[in-house]
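Student: I would like to go through some backbone features of a model. Could we take peptide bonds and phi angles in turn?

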Amino acid sequence: MNVGRVHGSILREQKEPKDGYEPVPLWLLTLFFAIVFWAGLYLAYYSGDFRADVFNPARAAAGAGAAPAAGPVDPKVIGKRVFTQNCVICHQATGLGVPGQFPPLVGSEWVLGGDWHGDNHLVKILLNGLQGPVQVKGETYNNAMPPWAQLSDEQIAAVLTYIRSEWGNAAPPITVDYVRKMREATAGRVDPWSQKDLQAIPLEKVPEAPAAPAAADTPAASPAPTLPATPAAATAPSTPQ
Amino acid sequence: MNKLPLIFLGVFLTFASSWVGLVAYPYFALGRMQPLPDEDTGGYFPPSTPGLADAGQKVFAANGCVYCHSQQVRLAPLSTDIEKGLGPRQTVARDYLRAQPVFLGTMRTGPDLTNIGVRQPDANWHHKHLYEPQTVTDWSVMPPFRYLYRLQEIQGQPSDNAVKGLSGPHAPPQGFEVVPTDEANALVAYLLSLKRNYPLPESPEPPVK
Amino acid sequence: MNPHSLFSSFNPANEPDTLASHERAEIDASTRLPVLLFFGSAILWLLIGSLLGLISAWKMTHPGFLDQMAWLTFGRLRPAHLNTVIYGWASAAGIGVGLWLMARLCRIPLIHSKLLISAAIFWNLGVFVGVLGILAGDSRSIEWLEFPGYATPILFIAYAFIGIWAIIMFRFRKPGHVYVSQWYLFAAFLWFPWLYATANILLIWQPIQGSAQGAVNWWFAHNVLGLWFTPIGLASAYYMIPKVIGRPIHSYYLSILGFWSLALFYSWNGMHHLIGGPFPAWMVSASVVASIMMFIPVVTVAINHHMTMRGHFDALKWSPTLRFTVFGAMTYTLVSLQGSSMAIPSLNTLTHFTDYTIGHAHLGLYGFFSMMMFGAMYYIVPRLTGWEWPSAAAIRWHFWLVASGIILMVGSLSLGGVLQGLALYDPQVSFRSSLDYATPFRLARGVSGFLLLAGHLVFAIHFAVMLLKIGRRREGPALFAEPSNPGAATV
């Protein structure tokens, strides 16, 4: 074994470190036990009963937050839920969209009806999607809205009714029958719509629903006749904000 | 007293406790999960990913996308993920059964991608975005992935799969087109497959306010 | 009693203990080649890692920077940076310091040290192959475990030698009191291979399905920090602080409490990286609890170090080893308390997914561990080479460059991260805003990268000059200033 030359750096060293034997301060032990106590409480409250299928720490047991079943649900509630699940991603919870990216729904002629915008266009967009440059409230957007044909007729009617009556929008509800009719009419179509495509289709309005309206706070139904044409916006029941 | 066995035992047991709780337990409780059958369509939740999307996961891993993009939807009030529209419900263990590796992510330099296939279902948009992100979103700091694409001369007709609508400094000059490589196609197929808006019993949709 | 008076000079206990010194010299000589090899390669990786980090930082604010080539894309450079600094710099430096400390404290020389030289070569080979693999596109994209499957076995083989040697040294230690640093090192050298093997098996070789991967991933990554780097750093602090000032550690009992509470609680922290994530609620809650429990070991160690240093803080003015070590030790307390606070779900709301986490990570790995390693190297290298650090000015430049660099980095990322988090939380605020808030702070972070790289260059050149023994031989240690009492220059 080689013994190295003993350098000055080693010679001047202090002895190797040693332990002192001061006692553990009482306050530290108290703090320790206080934290352990807190820890126990926290684990008791926020561990979901230590179940593997509870992913929400605020829930005590699975199933507590399950959606209530049975009974007809207010379509506006369905509509809001569908909107939150699917549309908020782009159009935002405020319905204002994202400037330059996703058009707003608030005060939009596409939602409420306009010069050439009819209810049929709105439903068709949901069924097949929309692509290419579109003008909304004077701004141009060029994105891709996916088709939502996988939603049921009830869901589409509900969500469209929702966006037409929320955020100050006021337009008549879209009925389930109308959605069904539109779905049949567009059955063979695969490609999304473009603004040009839709503009070529004459404006239509939802026929006044004979059945009892579900939502209590939708504005008065449009008095306009069921036939298409008459592009005048005078038939719109209330002016969008 | 010989300290070695005592220290070894202590070191082993303390380590083993977390090994049991954070490694062995999820292995048995989560790692053996099966997808749930979907009565409506005869498929499964989560739906199986097409082969190309599976290959796309590898491209996602190779290029380190996870370092800017997470794939997790969390509950309120801890987060506003659901309110912001990242997804309809909290993502849970079963949502990641098909993922290899699992790209949960820990940074949101870029947006969360849990449901990007729902938000952006157009393949051409993705190709444009990957090729030159700043031409699609001018404030983006995402790096361009032009090396996943080939610039080639147009032979007669433009190719079917050429990327449409390119602009910006790297747009193909007249007579040229940009064509995705297999890797780009796989990656986009993967991104389009990212849809976690199907229902799962262990993750109920939060009650609407 | 003045230890340097004529009267006390008659007490043999006050003479430099030449017997003990010869023993230490023999031990140092036996560790020289492997430790210097680990140090030298670690410093090289530090330079490479700093450069990779700097480029990655600038790419975050200038995405067009070096954007033509696949192997320079951010998604590959960033993990290359991470793995270079973790496995190339920090682990290699830690192994070198750990082996030297273990040999010194066990008071036996390192035998068959040539095998450890092979280990060092294999370790570097593994890191080299791994980093190239990441840049080539074979990254696993599993954080802290990105090395492709062909690199990890090389690291395993290297580690086998290292781990076995460290355990053997402990087994054959000279009889007597076992010092706290030895427990930490023994534990670290055992914990690391268990961590690495588990993570590789369950995430790479036989991957488990689903989000369980996330749990194993962050159990691994956090424990590399807490059960590999932290114990080595604390072992170094527990050695260097009392050694330089010549006082015993304040309390053996606090050392015990600190060690065992760290062992028990630290390993449960992993899930705090995934709060709100797709895991059973109890797992996340357990990690939140464990993260708060970390107050105990952290405060305990802080008291122990502080009470040992009390009355000797003026030594920070002149001792490079002590200054780097105490900077590291204070940062350890700060970063651990910060980490505990970040695990509280209501605060995690603000910091998760933001730059704040990145700042925290650098405060820990750099502000604590790397500074601790610098301090240890400044102490150890003269004893291995028989040469003093040639330039006190270089040490001073090193310190101020890296200290200002890390403070700028962590400060800017923390502030930016909080603003980013506020924007990400507010449903009325667009995603773009979170980016806009973060950008100026990311630019400041980029500047800090230059400071750090410059400091590392100074250190690397100084180290090379030291190894090559260039220049005039210095008598006595290189110090920042004249020590307050002559004869107290024990570094």
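Tutor: What follows covers cis peptide bonds, then positive phi values, in this predicted model.

Student: Which residues does the cis peptide bond with omega near -5° join?

Tutor: Omega is the angle to read here. The cis bond with omega near -5° runs from B:Ala76 to B:Pro77.

Student: Where does B:Pro77 lie in chain B?

Tutor: B:Pro77 is in the loop that links helix H2 (51–62) to helix H3 (116–119) of chain B. The loop between H2 and H3 of chain B also holds B:Pro101. The peptide bond between B:Gln100 and B:Pro101 is cis, with omega about -5°.

Student: Now phi. What is the phi of A:Trp167, and where is the residue placed?

Tutor: Phi of A:Trp167 is near 55°, which is positive in a residue other than glycine. A:Trp167 sits in the loop between helix H6 (153–163) and helix H7 (176–185) of chain A.

Student: Why does A:Trp167 count as partly exposed?

Tutor: The class follows from a neighbour count. A:Trp167 has 16 C-beta neighbours inside 10 Å, and partly exposed covers counts between the exposed limit of 12 or fewer and the buried limit of 20 or more.

Student: And C:Lys469: what is its phi, and is it buried or exposed?

Tutor: C:Lys469 is not a glycine, yet its phi is positive, at about 55°. The residue is in the segment after helix H14 (431–468) of chain C. C:Lys469 counts as exposed because it has 11 C-beta neighbours inside 10 Å, and 12 or fewer is the cut-off for that class.

Note on methods: Residues are numbered from 1 along each chain as its sequence is written. Chains are lettered from A and ligands numbered from 1 in the order in which they are written. This is a predicted model: local features need pLDDT of at least 70, side-chain atom pairs count only at pLDDT 80 or more; totals for chains, interfaces and linings use all residues. Helices (H or I, at least four residues) and strands (E, at least two) are DSSP runs, numbered from the N terminus.
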